[in-house]
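Biologist: Could you take me on a close look at one part of this model, the charged side chains that pair with one another, and then show me what lies around them? I would enjoy a connected walk-through.

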Amino acid sequence: MRHIISILLENEAGALSRVAGLFSARAYNIESLTVAPTEDPSLSRMTLVTSGSDDVIEQITKQLNKLIEVVKVVDLSEAAHIERELMLIKVRAAGKDRDEVKRMCDIFRGRILDVTDGTYTIEVTGTGAKLDAFVEALDKTLILETVRTGASGIGRGERVLKV
């Protein structure tokens, strides 16, 4: 089962490396990873997506809590949460393809960020499934380059990840 784990950790050199090392040492896969400082510059929030049984996720959570830099760990998948991903995609947009790409961008509520004579650079945000659907809807020969952030998530309502 897919899990989104949110980790509050000290914003210091090597913290990300130790978390990644924990996964690699136990042969757990990280499907996506995002990390950035929080409103408190001494702390960072790491969001990682991994798959595993409830027992494996419980073991991962226990191991993460043992790391000195880790302040708090929450499995967002256990309760209602919001998750989003960002994708930047550069596509060939010339001639008749230009209008078709613009139409697809509008359908998926994307934004065209850069326009040249032969290309569009488009920003699409949403769930991973929405981004996958956008890529599938485009003619594969038009796609020049794709960059995705991986999932970021936050608990719904009063559920917060704070010290």
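Modeller: Gladly! Let's start with Arg148 and Asp132, which form a salt bridge whose closest N and O atoms are 2.7 Å apart. Arg148 belongs to strand β8 (residues 143–148) and Asp132 to helix α4 (residues 128–137), so this pair ties together parts that lie 16 residues apart in sequence. Please keep in mind that this is a predicted model. Arg148 is partly exposed, at a relative accessible area of 34%, and Asp132 is also partly exposed, at 38%. The pair has company as well: Glu85 joins Asp132 and Arg148 in a network of salt bridges.

The general idea is a familiar one: side chains of opposite charge can pair when their charged atoms come close. Across the whole structure, a search finds ten salt bridges, and two others deserve a visit.

One of them joins the side chains of Arg18 and Glu69, with 2.4 Å from N to O. Here distant parts of the chain are linked, since Arg18 sits in helix α1 and Glu69 in the loop between α2 and β4, 51 residues apart. The two partners differ in their surroundings: Arg18 is partly exposed, with a relative accessible area of 37%, while Glu69 has 7% and therefore counts as buried, the cut-off being under 20%.

The other is a salt bridge between the side chains of Asp106 and Lys102, at 3.0 Å from N to O. This one stays inside a single element: both residues lie in helix α3 (residues 96–107), four residues apart, which is about one turn of the helix. Asp106 is partly exposed, with 43% relative accessible area, and Lys102 is partly exposed too, at 36%.

Since Glu69 follows α2 in the loop leading to β4, let's step over to that helix. With 13 residues (54–66) at 1.5 Å a residue, α2 should span 18 Å, and its end C-alpha atoms are 19 Å apart, which agrees. Its buried residues are Ile57, Ile60, Gln63 and Leu64. They cover an arc of only 125° around the axis, so they sit on the same side of α2. That buried set packs against β1 (2–10), α1 (15–25), β3 (43–51) and β4 (70–75). On the face turned away from the buried side, α2 carries the exposed residues Asp54, Asp55 and Lys66.

Helix α1, which holds Arg18, leads on to a loop towards β2, and Ala27 is found there. Its phi is near 60°, a positive value in a residue other than glycine. Most residues other than glycine have a negative phi, so such a value is worth a second look. Ala27 is exposed, with a relative accessible area of 70%. Arg109 makes a good companion to it, with a positive phi near 55°. Arg109 is found in the loop between α3 and β6 (111–115), and at 72% relative accessibility it counts as exposed.

To finish, here is a part of the surface without charge pairing. Leu16, Leu33 and Val35 form a nonpolar patch there, with about 210 Å² of accessible area together. Val35 lies in strand β2 (residues 32–37) and is partly exposed, at 41% relative accessibility.

Methods
Residues are numbered from 1 along each chain as its sequence is written. This is a predicted model: local features need pLDDT of at least 70, side-chain atom pairs count only at pLDDT 80 or more; totals for chains, interfaces and linings use all residues. Side-chain values use heavy atoms; hydrogens and water are left out. Helices (H or I, at least four residues) and strands (E, at least two) are DSSP runs, numbered from the N terminus. The expected span of a helix is 1.5 Å times one less than its number of residues. Buried means under 20% relative accessible area, exposed over 50%, partly exposed in between (1.4 Å probe, protein chains only). The arc is that of the directions from the helix axis to the C-beta atoms. Contact means heavy atoms within 4.5 Å. A salt bridge is a side-chain nitrogen of Lys or Arg within 4 Å of a carboxyl oxygen of Asp or Glu. Patches are made of residues with over 30% relative accessible area and no salt bridge: like charges are joined within 9 Å, nonpolar side chains (Val, Leu, Ile, Met, Phe, Trp, Tyr) within 5 Å. Accessible areas come from the Shrake-Rupley method with a 1.4 Å probe; for residues, only the protein chains shown count as cover.
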